Amino acid sequence: VNLIIADSELELVPPEMAKHPQVKESAKIRGKPATEILLDSTNHFKAIFGEQRRGRPDIVHVCLLLALDSLANQQGKLKVFVHTRNDVIIEIHSSTRIPRNYNRFVGLMEQLLLVGKVPPEGTPLMTARKGTLQKLVDELGKKAVIFDENGKTKRIGELHLGDKTVIIGGFPSGDYLSKADGQKVSLGSEQLCAWSAVAYALSSLEL
Ligand SMILES: C[S@@+](CC[C@H](N)C(=O)[O-])C[C@H]1O[C@@H](n2cnc3c(N)ncnc32)[C@H](O)[C@@H]1O
(Lines give C-alpha, C1' and ligand atoms only; values in the text may rest on other atoms or scores of the structure.)
Protein backbone atom coordinates (compact mmCIF):
# COMPACT_ATOMS: atom_id res chain seq x y z
CA VAL A 1 0.00 0.00 0.00
CA ASN A 2 1.21 3.52 -0.76
CA LEU A 3 0.17 6.33 1.55
CA ILE A 4 0.43 9.93 0.35
CA ILE A 5 -0.15 12.80 2.77
CA ALA A 6 -1.15 15.27 0.07
CA ASP A 7 -1.10 19.07 -0.24
CA SER A 8 0.59 19.13 3.15
CA GLU A 9 1.06 22.55 4.66
CA LEU A 10 4.79 21.99 5.07
CA GLU A 11 7.09 24.64 3.58
CA LEU A 12 10.07 26.84 4.32
CA VAL A 13 9.13 30.48 5.01
CA PRO A 14 8.38 31.93 1.54
CA PRO A 15 10.38 35.05 0.53
CA GLU A 16 7.28 37.28 0.72
CA MET A 17 6.86 36.49 4.45
CA ALA A 18 10.57 36.53 5.34
CA LYS A 19 10.63 40.21 6.27
CA HIS A 20 7.64 40.06 8.59
CA PRO A 21 8.71 41.05 12.15
CA GLN A 22 7.19 37.89 13.66
CA VAL A 23 9.14 35.70 11.21
CA LYS A 24 12.37 37.67 11.66
CA GLU A 25 12.06 37.27 15.42
CA SER A 26 11.64 33.49 15.31
CA ALA A 27 14.48 33.17 12.75
CA LYS A 28 16.71 35.15 15.12
CA ILE A 29 15.81 32.84 18.01
CA ARG A 30 16.58 29.81 15.82
CA GLY A 31 19.83 31.39 14.59
CA LYS A 32 18.94 30.71 10.93
CA PRO A 33 18.02 32.85 7.89
CA ALA A 34 14.23 33.37 7.77
CA THR A 35 13.89 31.46 4.49
CA GLU A 36 15.58 28.41 6.05
CA ILE A 37 13.04 27.85 8.83
CA LEU A 38 9.69 26.09 8.49
CA LEU A 39 6.59 28.24 8.28
CA ASP A 40 4.60 27.47 11.43
CA SER A 41 1.21 29.01 12.15
CA THR A 42 1.83 28.86 15.91
CA ASN A 43 4.80 31.22 15.61
CA HIS A 44 3.95 33.08 12.39
CA PHE A 45 0.18 33.59 12.58
CA LYS A 46 0.46 37.32 11.90
CA ALA A 47 2.61 36.77 8.79
CA ILE A 48 0.21 34.06 7.58
CA PHE A 49 -2.89 36.19 8.26
CA GLY A 50 -5.52 35.60 5.57
CA GLU A 51 -4.16 32.18 4.58
CA GLN A 52 -5.07 30.35 7.78
CA ARG A 53 -4.46 26.83 6.49
CA ARG A 54 -0.71 27.40 5.88
CA GLY A 55 2.15 26.55 8.23
CA ARG A 56 1.03 23.21 9.70
CA PRO A 57 4.08 20.89 9.86
CA ASP A 58 2.56 19.41 13.03
CA ILE A 59 -0.06 17.61 10.88
CA VAL A 60 2.70 15.87 8.90
CA HIS A 61 4.55 15.07 12.13
CA VAL A 62 1.62 13.23 13.74
CA CYS A 63 0.67 11.46 10.49
CA LEU A 64 4.23 10.18 10.02
CA LEU A 65 4.54 9.02 13.63
CA LEU A 66 1.33 7.02 13.17
CA ALA A 67 2.12 5.66 9.72
CA LEU A 68 5.70 4.56 10.38
CA ASP A 69 4.75 2.83 13.63
CA SER A 70 1.87 0.94 11.95
CA LEU A 71 1.83 -2.84 11.65
CA ALA A 72 1.72 -2.50 7.85
CA ASN A 73 4.92 -0.44 7.84
CA GLN A 74 6.73 -2.70 10.28
CA GLN A 75 5.78 -5.68 8.13
CA GLY A 76 7.18 -3.97 5.02
CA LYS A 77 3.75 -3.55 3.36
CA LEU A 78 3.61 0.27 3.39
CA LYS A 79 5.39 3.03 1.47
CA VAL A 80 4.89 6.55 2.81
CA PHE A 81 5.12 9.81 0.88
CA VAL A 82 4.44 13.44 1.76
CA HIS A 83 3.37 15.78 -1.02
CA THR A 84 3.41 19.49 -0.16
CA ARG A 85 1.53 22.61 -1.27
CA ASN A 86 4.64 23.57 -3.29
CA ASP A 87 4.71 20.25 -5.16
CA VAL A 88 7.62 18.80 -3.25
CA ILE A 89 7.49 15.02 -2.90
CA ILE A 90 9.12 13.53 0.17
CA GLU A 91 9.82 9.82 0.10
CA ILE A 92 10.36 8.14 3.46
CA HIS A 93 12.18 4.87 3.97
CA SER A 94 10.16 2.46 6.11
CA SER A 95 12.97 2.15 8.67
CA THR A 96 13.03 5.92 9.36
CA ARG A 97 12.62 6.84 13.01
CA ILE A 98 10.70 10.10 13.00
CA PRO A 99 11.77 12.27 15.97
CA ARG A 100 9.08 12.13 18.69
CA ASN A 101 10.00 15.65 19.68
CA TYR A 102 8.35 18.29 17.45
CA ASN A 103 11.29 20.71 17.52
CA ARG A 104 13.66 17.98 16.37
CA PHE A 105 11.18 17.04 13.62
CA VAL A 106 11.13 20.67 12.44
CA GLY A 107 14.95 20.75 12.27
CA LEU A 108 14.97 17.55 10.24
CA MET A 109 12.38 18.85 7.75
CA GLU A 110 14.29 22.11 7.34
CA GLN A 111 17.43 20.16 6.49
CA LEU A 112 15.48 17.92 4.10
CA LEU A 113 13.85 20.82 2.21
CA LEU A 114 17.19 22.65 1.92
CA VAL A 115 19.54 19.77 1.08
CA GLY A 116 17.08 17.36 -0.62
CA LYS A 117 17.95 14.37 1.55
CA VAL A 118 18.59 13.31 5.14
CA PRO A 119 21.02 12.30 6.33
CA PRO A 120 22.99 14.44 3.84
CA GLU A 121 25.73 11.78 3.59
CA GLY A 122 25.32 8.05 2.96
CA THR A 123 22.09 6.20 2.15
CA PRO A 124 19.22 8.66 2.63
CA LEU A 125 16.23 7.83 4.86
CA MET A 126 14.22 10.68 3.35
CA THR A 127 14.51 12.42 0.00
CA ALA A 128 12.74 15.50 -1.37
CA ARG A 129 12.22 16.27 -5.04
CA LYS A 130 9.83 18.33 -7.16
CA GLY A 131 6.70 16.65 -8.50
CA THR A 132 2.94 16.96 -8.64
CA LEU A 133 0.48 14.70 -6.84
CA GLN A 134 -0.80 13.29 -10.14
CA LYS A 135 2.76 12.54 -11.30
CA LEU A 136 3.42 10.62 -8.09
CA VAL A 137 0.18 8.65 -8.42
CA ASP A 138 1.13 7.79 -12.03
CA GLU A 139 4.64 6.75 -11.01
CA LEU A 140 3.31 4.45 -8.28
CA GLY A 141 1.02 2.82 -10.83
CA LYS A 142 -1.74 1.68 -8.45
CA LYS A 143 -5.38 2.76 -8.27
CA ALA A 144 -5.77 5.79 -5.99
CA VAL A 145 -8.31 6.06 -3.19
CA ILE A 146 -8.74 9.68 -2.11
CA PHE A 147 -10.02 10.31 1.39
CA ASP A 148 -12.44 13.22 1.13
CA GLU A 149 -15.49 14.12 3.24
CA ASN A 150 -17.42 14.61 -0.01
CA GLY A 151 -16.59 11.19 -1.39
CA LYS A 152 -18.73 8.05 -1.46
CA THR A 153 -19.46 7.03 2.11
CA LYS A 154 -17.92 3.73 3.16
CA ARG A 155 -17.41 1.93 6.45
CA ILE A 156 -13.79 1.08 7.20
CA GLY A 157 -14.50 -2.59 6.53
CA GLU A 158 -15.54 -1.70 2.97
CA LEU A 159 -12.42 0.28 2.03
CA HIS A 160 -10.27 -2.57 0.64
CA LEU A 161 -7.09 -0.48 0.49
CA GLY A 162 -4.70 -3.40 -0.08
CA ASP A 163 -2.50 -2.76 -3.15
CA LYS A 164 -3.84 0.79 -3.58
CA THR A 165 -2.40 4.28 -3.30
CA VAL A 166 -4.20 6.02 -0.44
CA ILE A 167 -4.35 9.83 -0.47
CA ILE A 168 -5.12 11.80 2.69
CA GLY A 169 -5.03 15.60 2.88
CA GLY A 170 -2.25 17.00 5.10
CA PHE A 171 -4.04 20.31 5.64
CA PRO A 172 -6.29 21.61 8.45
CA SER A 173 -9.19 23.09 6.49
CA GLY A 174 -10.50 23.70 2.99
CA ASP A 175 -10.12 21.42 -0.02
CA TYR A 176 -7.31 19.69 -1.87
CA LEU A 177 -5.26 22.18 -3.92
CA SER A 178 -4.11 19.40 -6.25
CA LYS A 179 -6.14 17.20 -8.54
CA ALA A 180 -5.50 13.48 -8.84
CA ASP A 181 -7.36 10.67 -10.56
CA GLY A 182 -8.92 8.26 -8.11
CA GLN A 183 -11.98 7.14 -6.21
CA LYS A 184 -13.10 9.57 -3.52
CA VAL A 185 -14.22 7.92 -0.31
CA SER A 186 -15.65 9.37 2.88
CA LEU A 187 -15.85 7.75 6.30
CA GLY A 188 -18.96 9.80 7.07
CA SER A 189 -20.13 13.38 7.37
CA GLU A 190 -18.00 14.01 10.47
CA GLN A 191 -14.82 15.96 9.74
CA LEU A 192 -11.72 14.11 10.89
CA CYS A 193 -8.20 15.38 11.44
CA ALA A 194 -5.72 14.05 8.87
CA TRP A 195 -4.05 11.80 11.45
CA SER A 196 -7.38 10.17 12.38
CA ALA A 197 -8.01 9.44 8.70
CA VAL A 198 -4.50 7.89 8.52
CA ALA A 199 -5.28 5.79 11.60
CA TYR A 200 -8.57 4.52 10.14
CA ALA A 201 -6.98 3.81 6.74
CA LEU A 202 -4.13 1.80 8.26
CA SER A 203 -6.41 0.01 10.71
CA SER A 204 -8.65 -1.07 7.82
CA LEU A 205 -5.69 -3.02 6.40
CA GLU A 206 -5.84 -5.33 9.44
CA LEU A 207 -9.53 -6.27 9.03
C1 LIG B 1 -8.91 18.18 8.36
S2 LIG B 1 -9.28 17.35 6.90
C3 LIG B 1 -9.15 18.59 5.65
C4 LIG B 1 -10.08 19.72 5.78
C5 LIG B 1 -11.50 19.45 5.54
N6 LIG B 1 -11.79 19.37 4.12
C7 LIG B 1 -12.28 20.59 6.18
O8 LIG B 1 -13.09 21.20 5.51
O9 LIG B 1 -12.03 20.88 7.33
C10 LIG B 1 -7.83 16.46 6.51
C11 LIG B 1 -8.01 15.25 5.67
O12 LIG B 1 -8.58 14.23 6.45
C13 LIG B 1 -9.36 13.38 5.63
N14 LIG B 1 -10.72 13.37 6.16
C15 LIG B 1 -11.25 14.20 7.06
N16 LIG B 1 -12.51 13.87 7.32
C17 LIG B 1 -12.79 12.78 6.55
C18 LIG B 1 -13.94 11.97 6.35
N19 LIG B 1 -15.08 12.19 7.01
N20 LIG B 1 -13.86 10.94 5.49
C21 LIG B 1 -12.71 10.69 4.82
N22 LIG B 1 -11.60 11.43 4.96
C23 LIG B 1 -11.64 12.46 5.81
C24 LIG B 1 -9.30 13.92 4.22
O25 LIG B 1 -8.28 13.24 3.51
C26 LIG B 1 -8.92 15.36 4.47
O27 LIG B 1 -8.28 15.93 3.35
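This report covers one histidine, two pockets and two cysteines in a predicted model.

**H83 and its surroundings**

Strand β2, which spans residues 79-84, contains H83. The relative accessible area of H83 is 0%, so this residue counts as buried, the cut-off for that class being under 20%. The side chain of H83 makes a polar contact with the side chain of D87, at 2.7 Å. Leaving aside residues up to four places away in sequence, H83 touches I4, I5, A6, D7 and S8, and also V88 and I89. Further along the chain, the residues touched by H83 are G131, T132, L133 and S178.

**The pockets**

General lining figures for the two pockets are set out below.

| Pocket | Volume | Nonpolar lining residues | Polar lining residues | Charged lining residues |
|---|---|---|---|---|
| Largest pocket | about 450 Å³ | 13 | six | five |
| Second largest pocket | about 200 Å³ | five | two | four |

The largest pocket holds about 450 Å³ of space. Its lining is made up of 24 residues, and those closest to the pocket centre are E149, Q191, L192, C193 and A194. Two or more lining residues come from each of the strands β6 (144-153), β7 (165-169) and β8 (183-186), and from helix α7 (194-204).

The second largest pocket, with a volume of about 200 Å³, is lined by L133, I146, D148, N150, I167, D175, Y176, S178, K179, A180 and K184. Strand β6 supplies the largest share of this lining, with three residues. Two of the names in this lining, L133 and S178, also appear among the residues that H83 touches.

**Cysteines**

How many disulfides does the model contain? The count is zero. A disulfide is a covalent bond between the sulfur atoms of two cysteines. For C63, the closest cysteine sulfur is that of C193, and no bond is assigned because the distance of 9.1 Å is too far; the cut-off is 2.5 Å. Seen from the other side, C193 is in no disulfide, and its nearest cysteine sulfur, in C63, is 9.1 Å away.

Are these cysteines buried or exposed? C63 has a relative accessibility of 1% and therefore counts as buried. C193 is at 38%, so this cysteine counts as partly exposed. C193 is also one of the residues closest to the centre of the largest pocket.

Technical notes:
Residues are numbered from 1 along each chain as its sequence is written. This is a predicted model: local features need pLDDT of at least 70, side-chain atom pairs count only at pLDDT 80 or more; totals for chains, interfaces and linings use all residues. Side-chain values use heavy atoms; hydrogens and water are left out. Helices (H or I, at least four residues) and strands (E, at least two) are DSSP runs, numbered from the N terminus. Buried means under 20% relative accessible area, exposed over 50%, partly exposed in between (1.4 Å probe, protein chains only). A polar contact is a pair of N or O atoms within 3.5 Å; within protein, one must be able to donate a hydrogen and the other to accept it, and residues adjacent in sequence count only if both atoms are side-chain atoms. Contact means heavy atoms within 4.5 Å. On a 1 Å grid over the protein atoms alone, a cavity is a set of points where a 1.4 Å probe fits but cannot get out, and a pocket is an open set with protein on both sides within 12 Å along at least five of seven lines; lining residues have an atom within 4 Å of a point. Grid points are joined across faces, edges and corners, and a volume is the space filled by probe spheres set on the points. Ala, Val, Leu, Ile, Met, Phe, Trp, Tyr, Cys and Pro count as nonpolar, Asp, Glu, Lys and Arg as charged, and the others, Gly among them, as polar.
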